[in-house]
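Hi,

Here is the model I said I would pass on. Have a look at it first, and my notes follow underneath.

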Amino acid sequence: SFRNDSQVLLQAAERFPALGLAREALRVGGGAPTVLNAANEVAVAGFLAGRLGFTEIAELVERTLAEFPHGPADDLEQSLDADRRARLIAEHHAAT
């Protein structure tokens, strides 16, 4: 059975860094979850193409989240803009 135990969640976040990033994006709100998703899609595509290692997926997502200026995502236009800009940032980091 699943327990909602903060110690279990902390251990899971240490073992699976992307889980901690997702929780933080939800906490921040606004466009952060959109940025996380866009960066993750770019990173996974890089991994599948052999350009990134598995552990680099979370690293690229974290760098993209850190660099992206967080703001509201109150409508579809803002969400699509955040997605587009996050992909550009993530693609830049994936290429370096």
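Helices here are DSSP runs of H or I with at least four residues, numbered from the N terminus. Keep in mind that this is a predicted model.

With that in hand, start at helix 5, where Arg85 and Asp81 sit 4 residues apart, about one turn of the helix. The two form a salt bridge, with 3.0 Å between the closest N and O atoms. Both ends are partly exposed: Arg85 has 30% relative accessibility and Asp81 has 29%. Asp81 also has a second partner, since its side chain makes a polar contact with the side chain of Arg84 at 2.7 Å. Arg84 belongs to helix 5 (residues 76-95) too, and is partly exposed at 44%. Its C-alpha lies 9.9 Å from that of Ala39, although Arg84 and Ala39 are 45 residues apart in sequence.

The salt bridge count comes to 5. One of them links the side chains of Glu41 and Arg87, at 2.4 Å from N to O. Glu41 is in helix 3 and Arg87 in helix 5, so this pair ties together parts that are 46 residues apart in sequence. Glu41 is partly exposed at 38%, and so is Arg87 at 23%. Shared partners join Glu41, Asp83 and Arg87 into one salt-bridge network.

Over in helix 2, Glu24 and Arg27 pair up in a salt bridge of 2.5 Å, N to O. They are 3 residues apart, which puts about one helical turn between them. Glu24 is partly exposed at 37%, while Arg27 counts as exposed at 60%.

Now for the inside. The largest nonpolar core has 20 residues, and those touching the most other members are Leu21, Leu36, Val61, Leu65 and Phe68. Helix 2 (17-28), helix 3, helix 4 (55-67) and helix 5 each give two or more residues to this core. Helix 3 supplies the largest share, with 7 residues.

What did the search of the whole structure find in the way of aromatic pairs? Just 1 turned up. The partners are Phe47 and Phe54, arranged edge-to-face with 5.8 Å centre to centre and 70° between the planes. Phe47 is found in helix 3 (residues 32-48) and is partly exposed at 31% relative accessibility, whereas Phe54 counts as exposed at 61%. Together with Leu48, Phe47 and Phe54 make a nonpolar surface patch of about 360 Å².

Cheers

Terms used:
Residues numbered from 1 in each chain as written. Predicted model: local features only at pLDDT ≥ 70, side-chain atom pairs only at ≥ 80, totals over all residues. Heavy atoms only, no water. Patch = residues over 30% accessible without salt bridge, like charges linked within 9 Å, V, L, I, M, F, W, Y side chains within 5 Å. Areas by Shrake-Rupley, 256 points an atom, 1.4 Å probe, with all protein chains shown as cover. Salt bridge = Lys/Arg side-chain N within 4 Å of Asp/Glu carboxyl O. Buried < 20%, exposed > 50% of the residue type's maximum accessible area, 1.4 Å probe, protein only. Polar contact = N/O pair within 3.5 Å; in protein donor to acceptor, adjacent residues only side chain to side chain. Phe/Tyr/Trp six-rings, centres within 6.5 Å; stacked < 30°, edge-to-face > 60°. Core = buried A, V, L, I, M, F, W, Y, C linked by side-chain atoms within 4.5 Å.
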